[in-house]
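I opened my notebook for a structure I had not met before. Here is what I looked up, one entry at a time.

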Amino acid sequence: MADEIDLAQDREEIARVDAIRRATKPLEPGMPGECDLCGEWSGRLVRGACAPCRDKWRLP
Ligand SMILES: [Zn+2]
């Protein structure tokens, strides 16, 4: 049961973070810069997130 609750909370958090980022930072895909999520510099941010963070948050 605990695992199911954790997963549900993770999905809510992902949806919330994604919605906030889309609402506040309409970045072009593939821009170099600092990742919104981890603060690391990346040569290719997609919607403000670096590749490791896109994997972590299951972003496209
Ligand atoms: Zn990142």
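The entries below go from the overall layout to single residues.

**Entry 1: the layout**

I began by noting that this is a predicted model. Then I looked up the secondary structure, and I found 2 helices and 2 strands. Reading along the sequence, I wrote down the pattern α-β-β-α. I also checked burial for the whole protein: of its 60 residues, 23% count as buried. For contacts with a separation of 6 or more, I noted that 13% come from residues 24 or more positions apart.

**Entry 2: the zinc ion**

Which protein atoms are the donors of the zinc ion? I found the SG atoms of Cys35, Cys38, Cys50 and Cys53, at 2.2 to 2.3 Å from the ion. I wrote their spacing in sequence as C-x2-C-x11-C-x2-C. Cys38 and Cys50 link distant parts of the chain, being 12 residues apart. I placed Cys38 in the loop between strand E1 (31-34) and strand E2 (41-45), and Cys50 in the loop between E2 and helix H2 (51-57).

Why is the arrangement around the zinc ion called tetrahedral? I looked up the angles that the 4 donor atoms subtend, and they run from 105 to 114°. Four donors count as tetrahedral if all angles lie between 85 and 135 degrees, so the label fits.

**Entry 3: how covered the cysteines are**

Next I asked about accessibility: is Cys50 buried or exposed? Its relative accessibility is 4%, so I noted Cys50 as buried. Cys35 also came out at 4% relative accessibility, and I noted Cys35 as buried. For Cys38 I read a relative accessible area of 39%, so Cys38 is partly exposed.

I looked for disulfides as well, and the count came to 0.

**Entry 4: the salt bridges**

Side chains of opposite charge can pair when their charged atoms come close. How many salt bridges are there? I counted 2 salt bridges.

One of them joins the side chains of Arg16 and Glu13, at 3.0 Å from N to O. Both residues sit in helix H1 (residues 2-24), 3 residues apart, which is about one turn of the helix. I checked how open this pair is: Arg16 has a relative accessible area of 45% and is partly exposed, and Glu13 is partly exposed with 30%.

Asp18 and Arg47 also meet through their side chains in a salt bridge, at 2.7 Å from N to O. This pair links distant parts of the chain, with Asp18 in helix H1, Arg47 in the loop between E2 and H2, and their positions 29 residues apart. Here I noted Asp18 as buried, at 10% relative accessibility. Arg47 is partly exposed, with a relative accessible area of 24%.

**Entry 5: two backbone angles**

I came back to Arg47 for its backbone. Its phi is near 50°, a positive value in a residue other than glycine.

I found a positive phi at Arg58 too, near 60°, and this residue is likewise not glycine. Where does Arg58 lie? I placed Arg58 in the segment after H2. Arg58 counts as exposed, with 70% relative accessibility.

**Entry 6: Arg54**

I moved on to Arg54, which lies in helix H2. Arg54 is buried yet has no salt bridge. I looked for the nearest side chain of opposite charge and found Asp55, 6.3 Å away. A salt bridge needs a nitrogen within 4 Å of a carboxyl oxygen, so 6.3 Å does not qualify.

What does Arg54 touch, leaving aside neighbours within four places in sequence? I listed Arg44, Leu45, Val46, Ala49, Leu59 and Pro60.

**Entry 7: Glu34**

My last stop was Glu34, in strand E1. I read a relative accessible area of 57%, so Glu34 is exposed. Not counting residues up to four places away in sequence, Glu34 touches Gly39, Glu40, Trp41, Leu45 and Gly48. I also looked up a distance to Ala49: the two C-alpha atoms are separated by 8.1 Å, while Glu34 and Ala49 are 15 residues apart along the chain.

Terms used
Residues are numbered from 1 along each chain as its sequence is written. This is a predicted model: local features need pLDDT of at least 70, side-chain atom pairs count only at pLDDT 80 or more; totals for chains, interfaces and linings use all residues. Side-chain values use heavy atoms; hydrogens and water are left out. Donors are N, O and S atoms within 2.8 Å of the metal (3.2 Å for Na, K and Ca); water is not among the atoms, so sites may look incomplete. Four donors count as tetrahedral if all angles lie between 85 and 135 degrees; four count as square planar and six as octahedral if opposite donors are over 155 degrees apart and all others between 65 and 115; anything else is irregular. Helices (H or I, at least four residues) and strands (E, at least two) are DSSP runs, numbered from the N terminus. Buried means under 20% relative accessible area, exposed over 50%, partly exposed in between (1.4 Å probe, protein chains only). A disulfide is a pair of cysteine sulfur atoms within 2.5 Å. Contact means heavy atoms within 4.5 Å. Lys and Arg count as positive and Asp and Glu as negative; His and the chain ends are not counted.
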